[in-house]
Amino acid sequence: MSTTPEPTQWIKSELSSANGSCVEMRQHAAAVEVRDTKQHGQGPTLRLAPAGFASWIAGAKSGELDHLTH
């Protein structure tokens with residue numbers, strides 16, 4: 001019988017703003033979950049495959065997503 005590992009704790013960047021304008025992430029089963037900190041665990045959760053999450057982070061680091069902040 002196989003069991004699903006427990007989800008990791010939610011984490012957020014140390015660089016996130018003090019007013020809660022950030023996202024939290026955790027590993028859960030075979031996915032990385034992302035949620036809005038301001039929702040206090042009550043809002044929707046985005047579930048990404050690890051490869052999709054890695055692509056998202058790579059795009060953010062390279063500046064590919066900068067146009068979304070303007």
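## A tour from the sheet outwards

Start by selecting β2 and β3: these strands pair in the antiparallel sense over four bridges, where a pair of strands needs at least two bridges found by DSSP. Strands here are DSSP runs of E with at least two residues, helices are runs of H or I with at least four, and both are numbered from the N terminus. Before going on, note that this is a predicted model, in which local features need pLDDT of at least 70 and side-chain atom pairs count only at pLDDT 80 or more, while totals for chains, interfaces and linings use all residues. Residues are numbered from 1 along each chain as its sequence is written, and side-chain values use heavy atoms, with hydrogens and water left out.

**The whole chain**

Zoom out and colour by secondary structure. You will find one helix and three strands, running β-β-β-α from the N terminus. Of the 70 residues, 20% count as buried; buried means under 20% relative accessible area, exposed means over 50%, and partly exposed lies in between (1.4 Å probe, protein chains only).

**The sheet**

Now show the strands alone. They make an open, antiparallel sheet in the order β1-β2-β3. Because β1 (23–28) and β3 (45–48) are at the edges with a single partner strand each, one side of each has no neighbour in the sheet. On average, neighbouring strands are turned by 25° against each other, direction ignored; axes are lines fitted to C-alpha atoms, for helices over the stretch in contact, and angles between N-to-C directions run from 0 to 180 degrees. Add helix α1 (residues 50–62), which packs on this sheet and touches β1, β2 and β3. The direction of α1 makes about 50° with that of β2. A contact here means heavy atoms within 4.5 Å.

**The first hairpin**

Select β1 together with β2 (residues 31–36): six antiparallel bridges join them. To see individual partners, pick Gln27, whose bridge partner in β2 is Val32, and then His28, which stands opposite Ala31. The two strands form a hairpin with two residues between them. Which residue in that turn has a positive phi? Click on Ala29: its phi is about 55°, although it is not a glycine. Ala29 is partly exposed, at 36% relative accessibility.

**The other loop between strands**

Move to the loop between β2 and β3 and select His40. Its phi is near 50°, again a positive value in a residue other than glycine. His40 counts as exposed, at 66% relative accessibility.

**Inside the fold**

Return to β2, where five of the six residues are buried. Val34 stands opposite Leu46 in β3. Next, select Met25, Val32, Val34, Leu48 and Phe53, the five residues of the largest nonpolar core. Such a core is a set of buried Ala, Val, Leu, Ile, Met, Phe, Trp, Tyr and Cys residues joined through side-chain atoms within 4.5 Å. Centre the view on Val32 and show what surrounds it: leaving out residues up to four places away in sequence, Val32 touches Arg26, Leu46, Arg47, Leu48, Pro50 and Phe53.

**Rings**

Show the aromatic side chains. How many aromatic pairs does a search of the whole structure find? There is one: Phe53 and Trp56, edge-to-face, at 5.9 Å centre to centre and with 80° between the planes. Rings of Phe, Tyr and Trp (its six-membered ring) pair if their centres lie within 6.5 Å; planes under 30 degrees apart count as stacked, over 60 as edge-to-face and the rest as tilted. Both residues sit in α1, and because they are three residues apart, about one helical turn separates them. Is Phe53 buried or exposed? Phe53 is buried at 17% relative accessibility, whereas Trp56 is partly exposed at 34%.

For another ring, select Trp10 and Arg35: the charged end of Arg35 sits over the ring, 3.8 Å from its centre. This label asks for NZ of Lys or CZ of Arg within 6 Å of the ring centre and within 35 degrees of the ring normal.

**Last stops**

In the segment before β1, pick Ile11, which is exposed at 52% relative accessible area. Beyond four places in sequence, Ile11 touches Val23, Glu24 and Met25. Measure from Ile11 to Arg26, C-alpha to C-alpha, and the model gives 6.4 Å for residues 15 apart in sequence.

Finish at Ala49, in the loop between β3 and α1. Ala49 is partly exposed, at 48%, and its C-alpha atom lies 4.8 Å from that of Ala31, 18 residues away along the chain.
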